[in-house]
Amino acid sequence: MVDRGASGLSLPDDWPAHPDPILALNRMGSFDWDLDTGVMRMDALAHEIFDMLPEEYADRPENLAARVPPDEAHRVDTYVSQALKDGSENYGAYFRIRRRDGSLRWTHTQGYIQRDATGRPRRIFGIVRDATEELSEARDRREQATLDDEARRRQTNVVQITTAALAHARTVQDVIDVLKNNQGVTHLGATSLVMGLVEAGRIRLVAEGPKGSFVPGTLVTGIDEQYPMSEVVRTLTPRFIESPKQFAELYPLLWPHITELDITSAAYLPLIAQARPIGAMGLLYNDRRGFSAQDRNVLVALGSSIAQSLQRAMFYEQEKDLAQGLQQAMLPRRIPSVPGADIAVRYRSGSLGREIGGDWYDVIPLPGGRVGAVIGDVQGHDTHAAAVMGQLRIVLRAYAAEGHTPATVMARASVFLHELDTERFATCLYAEADLTTGVVQVVRAGHIDPLVRDTDRRCHRLAVEGGLPLGLSAEFGRLEYPVNTLELDPGQTLILCTDGLVEQPGIDLDDGMRTLRALVATGPDDVRDLADRLIDVAEERGGEDDVALLLLRRTGLAARHSGGRVQQHVGPGDPEALTEARHMVHAAVRAWGARERADEIELIADELITNALMHTEGSAIVTLRALPGPGRRLRVEVEDASSALPRRREAGESGVSGRGLLLVDRIADVWGVEARGSGKCVWCEFLVPDRE
């Protein structure tokens, strides 16, 4: 015998081959359900009660789905689950089964629960029997009343669940997806849903019924037309259609187009928010006729909840459109065409709705075949960040256009931001590229490093020395921004972006940069296609941060006598700046094709810079220019703040100074001194061979 625990049911040792005779005498079948394995064995009489052949049943409860309608199965599952949870020893339930001939029969089941020492349910032994004749008409009415109560509870529960899901819907499409995909419509028994929104006195269809159900001419309809959604919007009253005949009589324009959908009833609800209609919704049914008072109350409550969610979604979309419009207005309306470069810019707003960020980009054409490229990000995601961004973009453009060095541009922008009535700071990277020579000067203020993609598609990160973010460097009195110089060969691409393209949850910055490098290396050659690919990846990831992206690919200039200019600020007692200036001269001279005189030019530039630092109390600005016109010349200029003119001195046999101007005079083809404001400029020029 099977251990019956606390129950009163016992089964023979040779069960189920030989059912309990007492149970058989009372036309009761029995089952043994192992909850650990899910196996539920039944005896022959149980098979007969369920009208199932032994070969149709594979000892699994789900095999009974062919006989137990879904609503009945759900109800029995509820009884069993509740008994298992609340520690009950047994349960009982009446339910209906559909036999092979289509007839419905009432069935009763009684289960006894066996638990282990911890109280965990392990097995259920039970009986099933045909209860059709047993149930009297009164019993049937009471059972039906119970079913109705449960149906009402289920409907109320669906409304509650749907309302909770709608609380997270941001867009109109989110609302539609919740209704269609969260089984809200299915649980209410509807086959499909249609929805329209009121726009400018008309109704625009935003969700249609099942595939193939669209009725031509109903994408936009007038409120005064003879359609159900138009009527409920016009009257602000729900319309419940209880039969196909009623549907055909009330809406002769619509009914002929949907007869093949087998619609038996429908409920159309006005969607009202703040006492005005914002749309209408229709629930279509193909397995019911009529609506009880409870059904109608539940559906009206559902319509009210949907209307509130739709209104929030519509406000959200309007605010997001406004925010994106403001953001786009702050960015350059167009990118200028720059000879010698292919440039692509892209911007993607984050997923924060009306909150917008301070990411920006800019391209600034400069004299002498140069161009400035800016990428930046103001702290925060709000309209204040966007406003600060707009002002920063303007002043950076103005400082660069005035001819200031990259370091000065960044320092002045930091002072400007510090003096604004704001606590925001900004990261920024400014690159000034001479497209004739390929020399690029980069200044970084707390921003992520740029990338360079070579002509063979390999991509590497430029470790750029930088300073503090804009605003902070002025606040802490650290306005020194190192200038990093590099050469950009024809075909190479400089890539600037904000951290929204790099940072991902759970991934550090270095890993994000490696991922970005891999994307760039495998991306298309055209800068516009590559920019599209990178912004598509950002879109796929989602994320709440904005993304700004600027790609500059050097194509090279064919002009033979084009000019060029590079410039570096060197502070007193700053050996690193002196080293950077030497590197800048070295890179520019070779990029301009003057390798034959490179050593001479670098030596003279070094002497002039050293003299300016030694014999004045301030800093020096070194400029190297490629002068246009017949005969190629390179000009070195070193400016300082002293008005005292340099003079040649005899160094003597053991002297360590006094040879600077002598070297200039001997090596340079021509040199001189010019007054510059309160200071001066010492310059010299070198004739260099024409390029091949």
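**Exercise 1. Determine whether Arg 123 is buried or exposed, or in between, and describe its salt bridge with Asp 34.**

Solution. Arg 123 has a relative accessible area of 25%, so it is partly exposed. The category applies because buried means under 20% and exposed means over 50%. This structure is a predicted model. The next step concerns the partner. The side chain of Arg 123 meets that of Asp 34 in a salt bridge, with 3.2 Å from N to O. This pair links distant parts of the chain, since Asp 34 belongs to strand β1 and Arg 123 to strand β5, 89 residues apart. Asp 34 has a relative accessible area of 17% and is therefore buried. In general, side chains of opposite charge can pair when their charged atoms come close.

**Exercise 2. State which strands pair with β1, and in which sense.**

Solution. Begin with β5, residues 121-130: seven bridges join this strand to β1, and the two run antiparallel. Within this pairing, Met 28 has Arg 129 as its bridge partner. Turn next to β2, residues 40-42, which pairs with β1 in the antiparallel sense over three bridges. Here Asp 32 is partnered by Arg 41. Finally, consider the connection: β1 and β2 form a hairpin with five residues between them, and Gly 38 in the turn has a positive phi of about 80°.

**Exercise 3. Explain why β1 is described as largely enclosed, and examine Ser 30 within this strand.**

Solution. Count the buried residues first. Six of the seven residues of β1 are buried, so the strand is largely enclosed by the rest of the structure. Ser 30 is found in this strand, which covers residues 28-34. Its relative accessible area is 0%, so Ser 30 is buried. The side chain of Ser 30 also makes a polar contact, at 2.6 Å, with the side chain of Asp 43.

**Exercise 4. Check the span of helix α17 against the expected value, and list its buried residues.**

Solution. The helix comprises 18 residues, 598-615. The expected span is 1.5 Å times one less than the number of residues. For α17 this gives 26 Å, and because the end C-alpha atoms are 26 Å apart, the two values agree. The buried residues are Ala 598, Ile 601, Ile 604, Ala 605, Asp 606, Leu 608, Ile 609 and Ala 612. To interpret such a list, recall that an α-helix has 3.6 residues a turn, so residues three or four places apart point the same way.

Note on methods: Residues are numbered from 1 along each chain as its sequence is written. This is a predicted model: local features need pLDDT of at least 70, side-chain atom pairs count only at pLDDT 80 or more; totals for chains, interfaces and linings use all residues. Side-chain values use heavy atoms; hydrogens and water are left out. Helices (H or I, at least four residues) and strands (E, at least two) are DSSP runs, numbered from the N terminus. Buried means under 20% relative accessible area, exposed over 50%, partly exposed in between (1.4 Å probe, protein chains only). A polar contact is a pair of N or O atoms within 3.5 Å; within protein, one must be able to donate a hydrogen and the other to accept it, and residues adjacent in sequence count only if both atoms are side-chain atoms. Two strands pair if DSSP finds at least two bridges between them. A salt bridge is a side-chain nitrogen of Lys or Arg within 4 Å of a carboxyl oxygen of Asp or Glu.
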